[in-house]
Amino acid sequence: MEVRMIRCAKCDNDTRASELVTAQGPVMLAGPQGTAPQPVLAQACTACGYIELYGPQPLVEPQDRVAAAAEPEPLELIPAPTPQAAAELA
Ligand SMILES: [Zn+2]
């Protein structure tokens, strides 16, 4: 499969992928319901500086993210209160 190069829309030069970075971190684009925000991708022309912005590519299917988020906590890590401890709390 051929690698897709993104060309500048104005001067047809090469672009490079980067992020829009602030002091607080990258600029994020909120995803659909149940998905985490992901960084906005900027394709900046190396010749004229023209920038195109791209939203997150669907590298992770939203269904998978929802399933991972809905995964129950491992209950075995929470110690069950013993009758003695319950008596001390009472
Ligand atoms: Zn350009």
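Modeller: Let's agree on terms first: two strands pair if DSSP finds at least two bridges between them. Helices (H or I, at least four residues) and strands (E, at least two) are DSSP runs, numbered from the N terminus. Residues are numbered from 1 along each chain as its sequence is written. This is a predicted model, in which local features need pLDDT of at least 70 and side-chain atom pairs count only at pLDDT 80 or more, while totals for chains, interfaces and linings use all residues.

Colleague: Thanks! Where in the protein is confidence lowest, and where is it highest?

Modeller: pLDDT is the predictor's confidence in each residue, from 0 to 100. The protein has a mean pLDDT of 78, with 64% of its residues at 70 or more. Where pLDDT is low, the predicted coordinates should not be read in detail. The lowest mean, 54, belongs to helix 1 (residues 62-69), and the highest, 94, to strand 6.

Colleague: What pattern does the protein follow along the sequence?

Modeller: There are 2 helices and 7 strands in the protein. Reading along the sequence gives the pattern β-β-β-β-β-β-β-α-α.

Colleague: In what order do the 3 strands of the open sheet come?

Modeller: Strand 1 and strand 6 run antiparallel and are joined by 5 bridges. Strand 6 (residues 41-45) is also joined to strand 7, again antiparallel, by 4 bridges. The open sheet of 3 strands therefore has antiparallel pairing, and its order is 1-6-7.

Colleague: Which are the edge strands, each pairing on one side only?

Modeller: The sheet is open, with the order 1-6-7. The strands that pair on one side only are strand 1 (15-19) and strand 7 (51-54).

Colleague: By how many degrees are neighbouring strands of this sheet turned against each other on average?

Modeller: Axes are lines fitted to C-alpha atoms, for helices over the stretch in contact, and angles run from 0 to 180 degrees between N-to-C directions. For the neighbouring strands here, with direction ignored, the average turn is 25°.

Colleague: Which residue in strand 7 is the bridge partner of leucine 41?

Modeller: Several partners can be named between strand 6 and strand 7. Alanine 44 has isoleucine 51 as its bridge partner, and glutamine 43 stands opposite glutamate 52. For leucine 41, the partner in strand 7 is tyrosine 54.

Colleague: What phi does glycine 49 take in the hairpin of strand 6 and strand 7?

Modeller: This hairpin has 5 residues between the strands. Glycine 49 takes a positive phi there, near 85°.

Colleague: What is the phi of aspartate 12?

Modeller: Aspartate 12 sits in the segment before strand 1. Most residues other than glycine have a negative phi. Aspartate 12 is a residue other than glycine with a positive phi, near 60°.

Colleague: Is arginine 16 buried or exposed?

Modeller: A residue is buried if 20 or more other C-beta atoms lie within 10 Å of its own, exposed if 12 or fewer, and partly exposed in between, with C-beta atoms placed from the backbone. Arginine 16, in strand 1, has 10 C-beta neighbours inside 10 Å, so arginine 16 counts as exposed.

Colleague: Which residues does arginine 16 touch, not counting those up to four places away in sequence?

Modeller: Two residues are in contact if their C-beta atoms, placed from the backbone, lie within 7 Å. Arginine 16 and cysteine 45 are 29 residues apart along the chain, with their C-alpha atoms separated by 6.4 Å. The residues that arginine 16 touches are Ala44 and Thr46.

Colleague: How many other C-beta atoms lie within 10 Å of glycine 31?

Modeller: Glycine 31 is found in the loop between strand 4 (28-29) and strand 5 (38-39). Among the residues that glycine 31 touches are Ala36 and Pro56. Glycine 31 is partly exposed because the number of other C-beta atoms within 10 Å is 16.

Colleague: Finally, what percentage of the 90 residues of the protein count as buried?

Modeller: Valine 21, in strand 2 (residues 21-22), is exposed, with 11 other C-beta atoms within 10 Å. Aspartate 12 is exposed too, also with 11. Over the 90 residues of the protein, the buried share is 2%.
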